[in-house]
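Trainee: Before we begin, could we go through the terms slowly and see what each of them rests on?

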Amino acid sequence: MGKINSTKSEIYCLSLIAMIVSYNQASVIDVKTEGAKGDGVTNDTPAIMNAWKKACAGAPPSSLLLPPGTYMAFPPFVLSGPCKGPIEIKATGATIKAPPELEKFQTTDTWIRINYIDRLTMTGGTFDGQGRGSWRNANCKNCQKPVNLGLGFVKNSLFKDITSINSKYFHIHMQGCDNTKLEHLTLDAPADSVNTDGIHIGPTNGLNITNTIIKTGDDCISFGDGSTNIRVEKVTCGPGHGISVGSLGKNPNEKPVERIWVKNCTIVGTDNGVRIKTWPGSYPGKVNDVHFEDIVMDKVANPIIIDQNYCAGRVCQKNVPSQVKITNVSFRNIKGTSRTQVALKLNCSAGSPCDNVELADINLTYSGGQVTASSRCANVKPKLVGQIIPPACPVNVPKPYNSLM
Ligand SMILES: *[C@@H]1O[C@H](CO)[C@@H](O)[C@H](O)[C@H]1NC(C)=O
Ligand SMILES: *[C@@H]1O[C@H](CO)[C@@H](O)[C@H](O)[C@H]1NC(C)=O
Ligand SMILES: *[C@@H]1O[C@H](CO)[C@@H](O)[C@H](O)[C@H]1NC(C)=O
Ligand SMILES: *[C@@H]1O[C@H](CO)[C@@H](O)[C@H](O)[C@H]1NC(C)=O
Ligand SMILES: *[C@@H]1O[C@H](CO)[C@@H](O)[C@H](O)[C@H]1NC(C)=O
């Protein structure tokens, strides 16, 4: 009996030791044990960097923990991989603040960058860019407006329950990412903040953005060249400039934008709803297989718009048509109100007309008065399915009232 008992307790002891060892191997690195103060004053970047280096080099699954607190994160930093294996960043309840002074940002275009990581799960955290003072500061000498969160070459990863507020420039910029999800994000900056795009997507393949709220001063989501296989679902946008493909054609050798789905979104009070924009006098480019579906528009200035004569803040060769070819695009089940009378504009390029554009079940009404909404089309012959309100090309559109002529 005694013998059996001691064997049992030996086994118990061994398994306890095994548990402790495996717990230690799970390397949870707390930024506070690495010296972070989390008092909102101390520059905690060095401690966060030390903790990251340990977590990244630790045996997987490892994690970096930012316990609740307010961390002043300066100077800007990069959490870079590759790590030993899957890794987590847990920041639930933590607020990470950038210093408000734009002059402090001179050598980098990003405040916090996450680079070259495979299988990262990042949960929680409020990233406060304290950007108020920088939005109007267009000519700051020797400084660069930083993106709040830059995600570069991140693969097979998940970012969830993250908040970004008052970024000095874009809230999130993605580049070179693959097979990644963004879920339950909240991006918030006032309508009059400048260049605070919500999520700007550079060359990226395989991305799902869901259940996200974006209130900002520029595009809620923009798909730059090389955006492919991207789904945006259950996103609320506004204030802001809407959900946009482009702008495209500004630079040589831009990669195609292909296989984009924007579905079940609500767009409120923005300048544009769903938009594709390309520059005139442009380099060649390609937009193919882009679908906007089940979208509610609430007092949006331009709810549906293809603009191949987009020219903002720059001198354009307006008489030279855009060379970006737009094909296989659909706008389906888009309902609600337009703040301008022309609710639907498809202004394609005379040099490369749009091909295979479909409009299905559209009902947009003008919120501004007695007159009914209207549409404008150029260089496009869309396929029309179901009821299209306002009537659109090639159906003969009733002449709009005089002030619009
Ligand atoms: C995105 O969603 C689609 C459809 O639900 C799914 O097939 C795909 O695997 C998802 N991609 C990522 C990166 O989660
Ligand atoms: C998505 O669709 C559901 C069901 O129609 C609706 O309740 C919800 O408000 C929609 N979400 C958005 C963001 O539009
Ligand atoms: C448009 O879609 C069709 C059918 O999927 C495809 O064959 C064609 O190549 C697409 N057009 C372009 C320019 O990719
Ligand atoms: C279009 O929307 C308006 C305003 O919501 C509504 O009164 C009207 O019945 C709708 N028309 C159709 C055909 O659904
Ligand atoms: C298309 O855009 C050009 C340039 O802004 C404009 O002159 C033209 O009237 C527009 N066409 C339509 C049909 O709205």
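Mentor: What follows is a set of questions about the ligands and the core of this model, which is a predicted one.

Trainee: What makes Asn264 a polar contact of ligand 2?

Mentor: An oxygen atom of ligand 2 is 2.4 Å from an N or O atom in the side chain of Asn264, and a polar contact is a pair of N or O atoms within 3.5 Å, so this pair qualifies. A polar side-chain atom of Thr266 also lies 2.5 Å from an oxygen atom of ligand 2.

Trainee: Which residues surround ligand 2, and which elements give two or more residues to that shell?

Mentor: Around ligand 2 are Lys234, Val235, Thr236, Asn264, Cys265 and Thr266, and the elements giving two or more residues are β20 (227-237) and β22 (257-268). Sorted by class, the shell holds 2 nonpolar, 3 polar and 1 charged residues.

Trainee: How much of ligand 4 does the protein cover, and which residues surround this ligand?

Mentor: Asn363, Gln387 and Ile389 surround ligand 4, and the protein covers 32% of the 360 Å² of accessible area that ligand 4 has on its own.

Trainee: Why is Phe331 called buried?

Mentor: Phe331 belongs to the largest nonpolar core, which has 93 residues, and a nonpolar core is a set of buried residues, so Phe331 must be buried, with under 20% relative accessible area. Together with Phe223, Phe331 has the most contacts inside that core. Not counting residues up to four places away in sequence, Phe331 touches several residues, among them Val274, Phe292, Leu346 and Ile362.

Technical notes. Residues are numbered from 1 along each chain as its sequence is written. Chains are lettered from A and ligands numbered from 1 in the order in which they are written. This is a predicted model: local features need pLDDT of at least 70, side-chain atom pairs count only at pLDDT 80 or more; totals for chains, interfaces and linings use all residues. Side-chain values use heavy atoms; hydrogens and water are left out. A residue is near a molecule or strand if one of its heavy atoms lies within 4 Å of it. A polar contact is a pair of N or O atoms within 3.5 Å; within protein, one must be able to donate a hydrogen and the other to accept it, and residues adjacent in sequence count only if both atoms are side-chain atoms. Helices (H or I, at least four residues) and strands (E, at least two) are DSSP runs, numbered from the N terminus. Ala, Val, Leu, Ile, Met, Phe, Trp, Tyr, Cys and Pro count as nonpolar, Asp, Glu, Lys and Arg as charged, and the others, Gly among them, as polar. Accessible areas come from the Shrake-Rupley method with a 1.4 Å probe; for residues, only the protein chains shown count as cover. A nonpolar core is a set of buried Ala, Val, Leu, Ile, Met, Phe, Trp, Tyr and Cys residues joined through side-chain atoms within 4.5 Å. Buried means under 20% relative accessible area, exposed over 50%, partly exposed in between (1.4 Å probe, protein chains only). Contact means heavy atoms within 4.5 Å.
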